[in-house]
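Open the model in a viewer and keep the selection tool at hand. The stops below go from one packing or pairing feature to the next.

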Amino acid sequence: MCTVCGCSESETQLSPDNSHSDSHTHDDSHHHYGHGASHSHAPGFTQSRMVQIEQDILGKNNEYARANRQLFSNKGILALNLVSSPGSGKTSLLTRTLQTLKNELPITVIEGDQQTNQDAERIRATGVSAIQINTGKGCHLNAQQVGHAIEHLAPADASMLFIENVGNLVCPAAFDLGEAHKVAILSITEGEDKPIKYPDMFYAADLLILNKVDLLPYLDFDIDQCINYARQVNPRIQIIQLSAKNGDGMNAWYQWLRLTHQTKLIGFQATSS
Amino acid sequence: MHEMSLCENVLQIIQTESQRQHFSTVKTVWLEIGSLSCVEPDAMLFNFEIVCRDTLADGASLKIIRTLGTAWCSNCLKEVPVQQRFDECPTCHTHQLQITQGDEMKIKELEVE
C-alpha cells in the first residue's frame with residue numbers, strides 16, 4: 001500500500017448489477033485487481049550492461065484504453081468520464097440527468113468508488129443499469145477495470161455510457177479510460193482557484209460543469225475568476241453553469257449531451273448501413 | 001497520488017523486458033518525467049523502493065531525467081517555454097498555448113546484470 005496517498009490496486013473489486021435479484025447469485029460478482037511482483041528471475045548475465053526500453057509507463061493502460069475506444073466507436077457509444085473532487089455532486093447530477101434522458105436513448109453507468117455500492121444503487125433507483133467498481137485503496141479507475149465492467153454491462157449500440165470516476169482531482173487525469181471526453185465537475189462550494197490548483201485535470205477535460213450555482217447568493221465564490229482560471233489552464237474548455245438540485249442550467253447540459261451523442265452516431269450509422 | 005500505480009507499471013515493464021532481453025538483476029532504472037506531467041519525483045523514488053522489494057529490481061537505484069515544458073503559442077506562432085500548465089506566453093502574454101513537451105512519463109533504459 002502506498003503510504004503517500006494509500007494507492008493500491010490490490011483491493012479493487014467490481015460488483016455487477018445484482019441488486020434487484022435475491023433469487024440468484026453471480027459467481028463472478030467480484031474482480032480482484034493487482035497482483036504482486038511475479039518474483040520471476042530469468043537466467044541472465046553477471047556483467048553489468050545497458051538495456052534500452054523507451055516505453056511509456058502508462059503504455060499498458062493506454063492499450064486497454066485504445067481497445068475500449070475502439071469498442072465504443074464500433075458500437076456508436078458515447079462514453080464520458082466524469083471527474084471531480086469528492087462531494088461536487090457528480091451522482092446527483094447523474095441521477096437527475098438519467099431521469100430526463102433515460103426514455104430518449106439507452107444509457108448505462110459505471111460507478112467508481114473506493115468502497116460501497118451506494119452510488120450504483122442510487123443510479124439503479126432511476127431504472128438505469130449500473131455497475132460498481134470498488135477500487136479498494138486505488139485512487140482512480142483504470143482502462144482495464146472499465147473494460148471488464150463493459151463486458152458485464154454490455155451497453156447497447158448507439159447508447160450513452162457515463163463513467164463516474166473516483167472523487168479525486170489528481171490521479172484520474174493521467175489514466176485514459178477510452179472515453180470520448182472527460183467532464184470535470186466543480187461545485188462552487190469548493191473555491192474558484194481549483195482549476196489552477198489542480199491544472200492537470202482541467203487541462204484534460206473538454207467540458208467544465210460548475211455545479212450548485214443555486215448557492216451563489218450565499219457564497220463569496222467569484223465565478224468569473226473561476227472561468228478565467230479554467231481558460232488559463234485550458235483555452236479550449238467549454239463551460240456550463242448549472243444546479244443539479246433545482247434544475248437551473250440543466251437544459252444546456254442536456255443539449256451538450258444530445259449534440260455530442262449525435263456526433264458519435266454519424267460515423268456509426270454510416271458504418272452499419 | 002498515483003505514483004504507486006506508476007511504479008507497479010514500471011516494474012511490470014522491467015519484468016517483461018527481463019524475459020525478452022535476458023537479465024536477472026536490475027541495478028539502475030532511468031525514467032524520463034516531464035515537468036508538466038502529474039508525477040512527483042520524490043513520491044516516485046519513495047514508492048519505487050517499496051514496490052521493488054523482493055523482486056529483480058530490489059535495491060535498484062532510480063534516476064529521473066526531467067524534461068522541460070514547452071508549448072506552441074497559436075498567437076505568436078512559435079514554441080515557448082512553460083513551467084506550469086496555466087503559464088502565459090512570455091512574448092504576447094495570452095494563454096493560447098498548446099503543450100508540446102513536458103508531459104512525458106517514459107522508462108528510458110536500464111543497467112542490468
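At what angle do helix 1 of chain B and helix 2 of chain B pack, and how far apart are their axes? Select residues 3-20 and residues 41-51 of chain B in this predicted model. The two helices pack at an angle of about 55 degrees, and their axes are 9 Å apart. That angle makes helix 1 of chain B oblique to helix 2 of chain B, and the crossing is right-handed.

Now show the side chains at this contact. From helix 1 of chain B, take B:E3, B:M4, B:L6, B:C7, B:E8, B:V10 and B:L11. From helix 2 of chain B, take B:A43, B:M44, B:N47, B:F48, B:I50 and B:V51. Coloured by class, the contact of these helices shows 10 nonpolar residues, one polar and two charged.

Stay in chain B and switch to the strands. Chain B has an open sheet of three strands in the order 4-3-5, with antiparallel pairing. Select strand 4 (78-82) and strand 5 (97-101) of chain B: these stand at the edges, each with a single partner strand, so one side of each has no neighbour in the sheet. From one strand to the next, the twist averages 40 degrees.

Next, add strand 3 of chain B, residues 69-73. Over how many bridges do strand 3 and strand 5 of chain B pair? The two strands pair over four bridges, in the antiparallel sense. To see the register, pick B:T70, which stands opposite B:Q101 in strand 5 of chain B.

Move to chain A and select helix 1 (residues 59-75) and helix 4 (residues 143-153). Their axes come within 8 Å and cross at roughly 35 degrees. Helix 1 of chain A passes helix 4 of chain A in a left-handed crossing.

Which residues meet here? Helix 1 of chain A brings A:N61, A:Y64, A:A65, A:N68, A:L71 and A:F72. On the other side, helix 4 of chain A supplies A:A143, A:Q144, A:V146, A:G147 and A:I150. This contact between helix 1 and helix 4 of chain A has seven nonpolar residues, four polar and no charged.

For the last stop, look for aromatic pairs: over all chains, the structure holds one. Select A:W253 and A:W256, whose ring centres are 6.0 Å apart and whose planes are at 15 degrees, so the pair is stacked. Both residues lie in helix 8 (residues 250-272) of chain A, and because A:W253 and A:W256 are three residues apart there, about one helical turn separates them.

Definitions and conventions
Residues are numbered from 1 along each chain as its sequence is written. Chains are lettered from A and ligands numbered from 1 in the order in which they are written. This is a predicted model: local features need pLDDT of at least 70, side-chain atom pairs count only at pLDDT 80 or more; totals for chains, interfaces and linings use all residues. Side-chain values use heavy atoms; hydrogens and water are left out. Two strands pair if DSSP finds at least two bridges between them. Axes are lines fitted to C-alpha atoms, for helices over the stretch in contact, and angles run from 0 to 180 degrees between N-to-C directions. A crossing is left-handed if the near helix is turned anticlockwise from the far one by less than a right angle, and right-handed if clockwise. Contact means heavy atoms within 4.5 Å. Ala, Val, Leu, Ile, Met, Phe, Trp, Tyr, Cys and Pro count as nonpolar, Asp, Glu, Lys and Arg as charged, and the others, Gly among them, as polar. Angles under 35 degrees count as roughly parallel, over 145 as roughly antiparallel, 65 to 115 as roughly perpendicular and the rest as oblique. Rings of Phe, Tyr and Trp (its six-membered ring) pair if their centres lie within 6.5 Å; planes under 30 degrees apart count as stacked, over 60 as edge-to-face and the rest as tilted.
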